[in-house]
Amino acid sequence: MRLIFVGPPGAGKGTQCARLTSRLDIPHISTGDMFRAAVKRGTPMGVLAKKAMDAGELVGDDIVIGMVRERLGEEDVQRGFLLDGFPRTIPQAEALEQLLAELSLKLDAVILLEVPDDLIVERIVGRRSDPETGRIYHLKFDPPPPEIADRLKHRSDDTEDAVRSRLKAYHDQTAPLIPFYEQRDALRRVDGVGSMDEVTARLVDALS
Ligand code: ADP
Ligand code: ADP
């Protein structure tokens with residue numbers, strides 16, 4: 001299955017993709033995770049990306065498209081993929097369409113995970129990740145076990161200020177993907193409000 005996940009920051013895309021990647025046995029490709037790995041390695045792309053990420057802005061289309069092009073050329077993608085956080089602009093969506101045509105691959109669906117803005121800040125500010133396992137927690141909604149509390153990381157762009165910029169970027173630059181994929185009859189809207197299990201059940205239902 002080849003799926004795209006679209007939704008505002010903090011909608012639960014990463015959480016739900018982490019559940020589906022094992023269930024469907026297909027790779028979870030998160031452009032945000034790829035950029036964070038590049039920042040950690042200190043590569044030139046990582047240095048560029050960090051500036052945009054900390055400001056709550058999108059990284060330039062050319063950089064993102066080049067990175068995804070390379071990733072979709074890898075062997076494991078033959079089984080399918082969950083694209084999390086890409087595309088995020090119309091030029092990215094057009095580039096992906098062209099790339100998939102070149103590879104003779106067809107998308108199965110674009111999932112729009114819908115969560116209203118007023119729930120987003122709380123989700124983002126309480127988000128923590130475990131650097132050892134990559135697992136995402138939430139201080140209130142999905143509390144980590146106390147014995148790992150000390151090693152958890154809070155993303156530098158998960159502040160209230162950066163979230164407001166990221167939400168603006170979402171509405172200005174990413175929301176136009178909704179009519180784009182509606183026109184292609186690919187969009188599936190899934191309500192992202194409710195418990196994580198409820199959202200997973202809605203997703204499984206939307207995909208069946
Ligand atoms: P995204 O990848 O869309 O930015 P995440 O999956 O990282 O979002 O989720 C953002 C934060 O909200 C995380 O801390 C996660 O644990 C939490 N979260 C995810 N889904 C839900 C949900 N259904 N209810 C409450 N909190 C959630
Ligand atoms: P979230 O789901 O919480 O918004 P991500 O982890 O998907 O966060 O992305 C973090 C940051 O990485 C974004 O705010 C942006 O700066 C950058 N980024 C990730 N994916 C893209 C993309 N497709 N286009 C441009 N920038 C991106």
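A polar contact here is a pair of N or O atoms within 3.5 Å; inside the protein, one atom must be able to donate a hydrogen and the other to accept it, and residues adjacent in sequence count only if both atoms are side-chain atoms. The model is predicted, so local features need pLDDT of at least 70 and side-chain atom pairs count only at pLDDT 80 or more, while totals for chains, interfaces and linings use all residues. Residues are numbered from 1 along each chain as its sequence is written, chains are lettered from A and ligands numbered from 1 in the order in which they are written, and side-chain values use heavy atoms, with hydrogens and water left out.

Ligand 2 makes a handy starting point. Gln 92 puts a polar side-chain atom 2.9 Å from a nitrogen atom of this ligand, and Thr 31 does so with a polar side-chain atom at 2.8 Å from a ligand nitrogen. Gly 85 joins in through its backbone, with an N or O atom 2.9 Å from a nitrogen atom of ligand 2. On its own, ligand 2 exposes 550 Å², and the protein buries 96% of that (areas by the Shrake-Rupley method with a 1.4 Å probe; for residues, only the protein chains shown count as cover). There are 20 residues around ligand 2, of which Thr 31, Glu 57, Arg 88, Arg 127 and Arg 166 come nearest (near means that a heavy atom of the residue lies within 4 Å of the molecule or strand). By class, this shell splits into seven nonpolar, five polar and eight charged residues; Ala, Val, Leu, Ile, Met, Phe, Trp, Tyr, Cys and Pro count as nonpolar, Asp, Glu, Lys and Arg as charged, and the others, Gly among them, as polar. The most generous element is helix α2 (residues 31-41), with four residues in the shell of ligand 2. Helices (H or I, at least four residues) and strands (E, at least two) are DSSP runs numbered from the N terminus.

Now for ligand 1. Of the 17 residues around it, Gly 10, Gly 14, Thr 15, Arg 127 and Tyr 137 come nearest. Arg 127 thus turns up among the nearest residues of ligand 1 and of ligand 2. A polar side-chain atom of Arg 127 lies 2.6 Å from an oxygen atom of ligand 1. The backbone also takes part: Tyr 137 has an N or O atom 2.8 Å from a ligand 1 oxygen, and Ala 11 has a polar backbone atom at 3.1 Å from an oxygen of ligand 1. The protein covers 93% of the 560 Å² of accessible area that ligand 1 has on its own. Helix α1 (13-24) and strand β6 (136-138) each supply at least two residues of this shell, which holds seven nonpolar, seven polar and three charged residues.

Strand β6 also contains His 138, which counts as buried at 8% relative accessibility (buried is under 20% relative accessible area, exposed over 50%, partly exposed in between, with a 1.4 Å probe and protein chains only). His 138 and Arg 123 sit 15 residues apart in sequence, with 7.3 Å between their C-alpha atoms. In the loop between β6 and α7 (160-174) comes Asp 157, buried at 7%, whose side chain makes a polar contact of 3.0 Å with the side chain of Arg 155.

As for aromatics, the whole structure yields one pair. The ring centres of Phe 180 and Tyr 181 are 5.0 Å apart and the planes stand at 85 degrees, so the pair is edge-to-face (centres within 6.5 Å for Phe, Tyr and the six-membered ring of Trp; planes under 30 degrees apart are stacked, over 60 edge-to-face, the rest tilted). Both Phe 180 and Tyr 181 are buried. Arg 184 lies over the face of Phe 180, at 3.7 Å from the ring centre, and the charged end of Arg 135 sits over the ring of Tyr 137, 4.2 Å from its centre. A charge sits over a ring if NZ of Lys or CZ of Arg is within 6 Å of the ring centre and within 35 degrees of the ring normal.

A few backbone oddities remain. Phe 86 and Pro 87 are joined by a cis peptide bond, with omega about -5 degrees; Pro 87 belongs to the loop between β3 (81-84) and α5 (90-102). Asp 25, not a glycine, has a positive phi of about 55 degrees. Asp 25 lies in the loop between α1 and β2 (28-30) and is partly exposed at 49%. Ser 104 also has a positive phi, near 55 degrees; this residue, in the loop between α5 and β4 (109-114), is exposed at 65%.
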